[in-house]
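Here's a quick walk through the pockets of this protein, plus a stop at one loop residue. Have the structure open as you read.

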Amino acid sequence: AAYNRDDKTGYFITGESKLASYSLETQAIAPKEIAYPKEDPRIGAITMYNGKLYTLDTKYSQLYKHNRTQTGYDKGTPWITGNSLDLAKATSVTIDGNVFIGTSAGEIMRLFKGEKQSFEIVGLDPVLSSVDALWTSADTDTLYALDGSTKRVVLFDKEGHFKKQFTADEWQKPSAMHVEEAEG
């Protein structure tokens, strides 16, 4: 799922890689059109950035940038250059100008202009078991990572240095998070 603050709408990808929206104003769920550059993609995560919808295709190891249309979003264009990334285990994506991709193996990758950049997690013990969700924005210097298997949200600076973490005994199997940093 991804939320677009501009139109106050949540967007969801179904198991068949189809798109649906939920409008806060109308409180209605509606199907939306979307297409992909390749047939039968496996969309593992989505996010919004600057009014564009980004879909992470784990089958073809690609991130597609979709422009809005009157009925949904266009076919999308491949964003990752080259063929060197294996995104089969990718689980999450967030964008602040850089693209951060998390995997079920506990890895976080940083990309800029379609190319993988250096990003090393420093100072975290124990290491991430998985990255079930990521969040950041251009308005913060923090990258949030949900490690559902260890029931924690870990905060890093955008160079990968550990800042702090949150845990709660009440969390059973957390799989998603929403961050409202301004509200704490």
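## The largest pocket

S5 gives the largest share of the lining of the largest pocket, with seven residues. Keep in mind that this is a predicted model. The pocket has a volume of about 1,200 Å³. It is lined by 43 residues, and those closest to its centre are Ala2, Tyr3, Thr47, Met48 and Trp135. Two or more lining residues come from each of strand S1 (2-4), strand S2 (9-13), strand S5 (43-49), strand S9 (90-95) and S13.

What about the chemistry of that lining? Sorted by class, the largest pocket is lined by 22 nonpolar, 13 polar and eight charged residues.

## The second largest pocket

Next up is the second largest pocket, which holds about 310 Å³ of space. Its lining is made of 15 residues, with Tyr144, Val153, Phe166, His178 and Val179 closest to the centre.

Three strands, S14 (142-147), S15 (152-157) and S16 (162-167), each put at least two residues into this lining. By class, the lining of the second largest pocket breaks down into 10 nonpolar, two polar and three charged residues.

## A look at Pro126

Where does Pro126 sit? You'll find Pro126 in the loop that runs between strand S12 (115-117) and strand S13 (133-135). Its relative accessible area is 47%, so Pro126 counts as partly exposed.

For a sense of distance, try Pro126 and Ser17: they are 109 residues apart along the chain, and their C-alpha atoms are separated by 34 Å.

Conventions
Residues numbered from 1 in each chain as written. Predicted model: local features only at pLDDT ≥ 70, side-chain atom pairs only at ≥ 80, totals over all residues. Heavy atoms only, no water. Helix = DSSP H or I, 4+ residues; strand = E, 2+ residues; numbered from the N terminus. Buried < 20%, exposed > 50% of the residue type's maximum accessible area, 1.4 Å probe, protein only. 1 Å grid on protein atoms, 1.4 Å probe; cavity = no way out; pocket = protein on both sides within 12 Å on 5 of 7 lines; lining within 4 Å. Points joined across faces, edges and corners; volume = space filled by probe spheres on them. Nonpolar A, V, L, I, M, F, W, Y, C, P; charged D, E, K, R; others polar.
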